[in-house]
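Here are a few notes from my reading of this model, set out point by point. I hope they help as you look through it.

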Amino acid sequence: VTRELQVTSHSARQTEALAEKLADTFSTGDIVVLSGPLGSGKTVFVRGLARGRGISGDLVNSPSFTLVNEYPGKTPIYHFDFYRIKSVDELTEIGLDDYVGRDGLVVIEWGERVSDELPRPHYLVSFAIVGEEHREIAISVVPA
Ligand SMILES: Nc1ncnc2c1ncn2[C@@H]1O[C@H](COP(=O)(O)OP(=O)(O)OP(=O)(O)O)[C@@H](O)[C@H]1O
Ligand SMILES: [Mg+2]
């Protein structure tokens with residue numbers, strides 16, 4: 001049985017507030033994969049997650065060049081962006097495995113680029129752009 005939570009957002013503020021509310025449902029060691037086109041709200045969602053876990057949202061920026069940003073907190077957030085990843089070999093170089101199951105929450109933008117290689121189970125948050133500020137957000141679990 002696939003259970004999915006579907007939410008409509010009408011602004012960046014709403015998306016951030018949604019993530020802030022959901023932030024505590026994720027546990028230390030969980031992996032949250034964010035999937036959706038450019039500008040669909042993935043980074044905005046991470047900003048809300050950070051705020052919901054007591055981390056300043058101002059720290060959150062797209063790690064497109066660095067591949068991973070670390071936001072320190074009671075439980076840190078490791079924020080990955082695989083947009084520029086060219087091969088699955090790079091996953092080993094980045095050391096994704098070293099972050100998984102550690103003391104923090106692992107959040108991955110563009111994780112679908114290497115979806116077969118991602119540790120399971122993980123949460124999948126999918127964003128669809130419907131209108132200028134209208135996003136449909138679906139949250140599900142990809143089982144082990
Ligand atoms: N409902 C909405 N939810 C989230 N962002 C929205 C919404 N409506 C408009 N926006 C705007 O869309 C943009 C989303 O940017 P964001 O950086 O979060 O996208 P992204 O999915 O991370 O893109 P990228 O793939 O380039 O990393 C922001 O400029 C934001 O203000
Ligand atoms: Mg982004």
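**Notes on the model**

1. Let me begin at the end of a helix. Gly54, just after H2, has a positive phi of about 80°. Helices (H or I, at least four residues) and strands (E, at least two) are DSSP runs, numbered from the N terminus. Please keep in mind that this is a predicted model, in which local features need pLDDT of at least 70 and side-chain atom pairs count only at pLDDT 80 or more, while totals for chains, interfaces and linings use all residues. Residues are numbered from 1 along each chain as its sequence is written, chains are lettered from A and ligands numbered from 1 in the order in which they are written, and side-chain values use heavy atoms, with hydrogens and water left out.

2. The metal site comes next. Thr43 (OG1) and Glu109 (OE) are the protein donors of the magnesium ion (ligand 2), at 2.1 to 2.2 Å from it. Because Thr43 belongs to helix H2 (residues 42–52) and Glu109 to strand S5 (residues 105–109), the pair ties together parts that are 66 residues apart in sequence. Donors here are N, O and S atoms within 2.8 Å of the metal (3.2 Å for Na, K and Ca); water is not among the atoms, so sites may look incomplete. Both Thr43 and Glu109 are buried (under 20% relative accessible area, with exposed over 50% and partly exposed in between; 1.4 Å probe, protein chains only).

3. H2 deserves a longer look. Its buried residues are Lys42, Thr43, Phe45, Val46, Gly48, Leu49 and Ala50. Their cover includes H1, strand S2 (31–35), strand S3 (68–71), strand S4 (77–81), S5 and strand S6 (122–129).

4. Which residue of strand S3 might you inspect alongside H2? I would pick Tyr71, which lies in strand S3 and counts as buried because its relative accessibility is 2%. Beyond its neighbours within four places in sequence, Tyr71 is in contact (heavy atoms within 4.5 Å) with Val46, Ile55, Leu59, Val60, Asn61, Pro76, Ile77 and His79. The side chains of Tyr71 and Asn69 also make a polar contact of 3.2 Å. Such a contact is a pair of N or O atoms within 3.5 Å; within protein, one must be able to donate a hydrogen and the other to accept it, and residues adjacent in sequence count only if both atoms are side-chain atoms.

5. Ser9 in strand S1 (residues 4–9) is another residue to check. With a relative accessible area of 3%, Ser9 is buried. The side chain of Ser9 has a polar contact of 2.7 Å with that of Thr15, and a polar atom of the Ser9 side chain lies 2.9 Å from the backbone oxygen of Ser11. Leaving aside neighbours within four places in sequence, the contacts of Ser9 are Gln14, Thr15, Glu133, His134, Arg135 and Ile137.

6. Finally, the loop between S5 and S6 merits a backbone check. Trp110 is found in this loop and has a positive phi, near 60°, though it is a residue other than glycine. Trp110 counts as buried, at 15% relative accessibility. Pro121 is in the loop between S5 and S6 too, and a cis peptide bond with omega of about 0° joins Arg120 to Pro121. For context, most residues other than glycine have a negative phi, and most peptide bonds are trans.
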